[in-house]
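Please work through the following exercises with the sequence and the structure open side by side. Each task is followed by a solution that goes step by step.

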Amino acid sequence: MTLSVRNVAVAAALSAALCTALAGCGGNSGTSGSGSGSGSQARMGTPGASAPASSAASPTAPQAAGSAPAAAPPPGKAPTLAPGPNGLTPVFERTKQQTDKVVALTFDADMTSDQGPRAASGEHFDNPQLIATLRGLKVPSTIFMTGRWAEEYPDQAKSIGTDPNFEIANHSYSHHAFKSPCYGLPTLDGAAARADVDRAFAAFRTAGALNTVPYFRFPGGCYDDQALRAVSSAKVTPVQWDVVSGDAFAKDPDAVAEQVLTGVKPGSVVVMHCTRSAAPVTEEAVRKIVPELRKRGYRFAKVSELIGK
């Protein structure tokens with residue numbers, strides 16, 4: 001199957017699209033579907049060139065090249081939200097249980113297929129120090145990873161995806177938008193959107209990431225009813241957030257920490273980034289956020305725990 005892409009930006013516009021999308025972090029471009037809230041904010045991401053999709057693959061355990069298909073995970077291993085009327089899957093933004101002082105820190109590992117040359121020239125789309133800090137502080141976290149990121153950093157994807165402290169969720173393969181307009185991102189339609197989700201899970205398996213969960217974060221935070229139907233057919237639950245960290249292009253870790261600490265409520269989902277070049281102060285901000293929230297009586301959880309409440 002070949003991805004059908006419309007509104008593909010010309011090469012000269014790719015850099016501008018990055019800045020525009022990043023500037024949109026914390027906006028409100030997402031449309032609410034059945035069960036979704038009103039705060040579907042757009043967030044950082046860049047367009048990338050499309051590539052042929054792999055055959056459909058579900059979010060199961062990884063599979064070595066040439067091996068038999070991986071078995072499906074046991075039912076209920078990671079809770080999901082059932083599709084509602086007309087096949088519209090609900091969008092998870094914050095736990096319904098809003099008295100327990102628990103919070104999920106989520107980190108988007110963004111990379112697209114056009115950014116390979118930039119990585120080869122030394123730009124860092126990874127952030128191993130952030131992952132090391134989360135491990136050192138013993139903070140369970142959910143990493144929303146693009147398939148392209150997993151291909152660029154397979155050893156890191158495997159390390160994260162085999163560490164019980166983390167779970168890997170799907171942030172698409174290409175970081176193309178599932179709804180238009182969406183901050184200048186090229187847009188995928190219907191079957192192409194579904195194939196992009198499947199291709200990301202395939203990239204995780206190829207890297208050897210075991211701890212994958214059937215959750216999906218829309219590139220740009222943009223979605224509509226058609227997008228919700230596409231991901232519903234992939235049997236994933238869309239996950240947004242209720243707290244924007246503001247770490248995209250931030251230079252002041254104190255300001256990022258203050259924004260998170262001001263916004264967090266019981267059951268919150270915080271969106272941050274695992275991309276050094278575009279979010280350089282995130283690790284330092286986390287070192288301020290975590291002890292302060294613990295001082296306030298909060299504990300940290302993966303998204304799968306919040307959805308299960």
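**Exercise 1. The disulfide**

Determine the handedness of the disulfide of C182 and C222 from the torsion about its S-S bond, and describe where its two cysteines lie.

Solution. The torsion about the S-S bond of C182 and C222 is about 80°, so this disulfide is right-handed. C182 belongs to the loop between β4 (166–170) and β5 (187–188), whereas C222 belongs to the loop between β6 (212–216) and α7 (225–233), so the pair ties together parts that are 40 residues apart in sequence. The model is a predicted one, and in it the S to S distance between C182 and C222 is 2.2 Å. A search of the whole structure finds one disulfide. As a last step, look at the surroundings of the two cysteines: both C182 and C222 are buried.

**Exercise 2. Unusual backbone geometry**

Find out what is unusual about the peptide bond from S180 to P181 and about the phi values of Y183 and F249.

Solution. Begin with the general expectation, which is that most residues other than glycine have a negative phi and that most peptide bonds are trans. The bond from S180 to P181 is cis, with omega near 0°, and P181 is placed in the loop between β4 and β5. Y183 also lies in the loop between β4 and β5, and Y183 has a positive phi of about 55° although it is not a glycine. F249, another residue other than glycine, has a positive phi near 65° and is found in the loop between β8 (243–244) and α8. To classify the exposure of these two residues, recall that partly exposed covers the range between the cut-offs of 20% and 50% relative accessible area. Y183, at 23% relative accessibility, therefore counts as partly exposed, and F249 is likewise partly exposed because its relative accessible area is 40%.

**Exercise 3. Helix α9 and its contacts with α3 and α8**

Describe how α3 packs on α9 and how α8 packs on α9, giving the angle and the distance between the axes for each pair.

Solution. Take α3 (residues 128–136) and α9 (residues 282–295) to begin with: their axes are 9 Å apart and the packing angle is about 15°. Because angles under 35 degrees count as roughly parallel, α3 is roughly parallel to α9. The crossing of these two helices, α3 and α9, is right-handed. On the α3 side the contact involves Q129, L130, T133 and L134, which meet T282, E283, V286 and R287 in α9. Sorted by character, the residues of the contact of α3 with α9 comprise three nonpolar, three polar and two charged.

Now turn to α8 (residues 253–263), which packs on α9 at an angle of about 35°, with the axes 8 Å apart. The crossing of α8 with α9 is right-handed. Here P253, D254, V256, A257, V260 and L261 of α8 make contact with E284, A285, K288, I289, E292 and L293 of α9. The residues of this contact of α8 with α9 divide into eight nonpolar and four charged, with no polar ones.

**Exercise 4. Helices α6 and α7**

Which term describes the direction of α6 relative to α7, and which residues make their contact?

Solution. The axes of α6 (residues 190–207) and α7 come within 9 Å and cross at roughly 45°. That angle makes α6 oblique to α7. The crossing in which α6 passes α7 is right-handed. The contact is formed by G190, A193, R194 and V197 of α6 together with Q226, A230, V231 and S233 of α7. Among the residues of the contact of α6 with α7 there are four nonpolar, three polar and one charged.

**Exercise 5. N127 and the chain as a whole**

Is N127 buried or exposed, and which residues does N127 touch when those up to four places away in sequence are not counted?

Solution. N127 sits in the loop between α2 (116–120) and α3. Its relative accessibility is 4%, so N127 counts as buried. Leaving aside residues up to four places away in sequence, N127 touches C274, T275, R276 and A279. One of these partners, C274, is itself buried, because its relative accessibility is 1%.

To finish, set these local findings within the chain. The protein chain contains 10 helices and 10 strands, and 55% of its 309 residues count as buried. Among its contacts between residues at least 6 apart in sequence, 80% join residues at least 24 apart.

Definitions and conventions: Residues numbered from 1 in each chain as written. Predicted model: local features only at pLDDT ≥ 70, side-chain atom pairs only at ≥ 80, totals over all residues. Heavy atoms only, no water. Axes fitted to C-alpha atoms, helices over the stretch in contact; angles between N-to-C directions. Helix = DSSP H or I, 4+ residues; strand = E, 2+ residues; numbered from the N terminus. Parallel < 35°, antiparallel > 145°, perpendicular 65-115°, else oblique. Left-handed = near helix turned anticlockwise from the far one by under 90°. Contact = heavy atoms within 4.5 Å. Nonpolar A, V, L, I, M, F, W, Y, C, P; charged D, E, K, R; others polar. Disulfide = S-S within 2.5 Å. Buried < 20%, exposed > 50% of the residue type's maximum accessible area, 1.4 Å probe, protein only.
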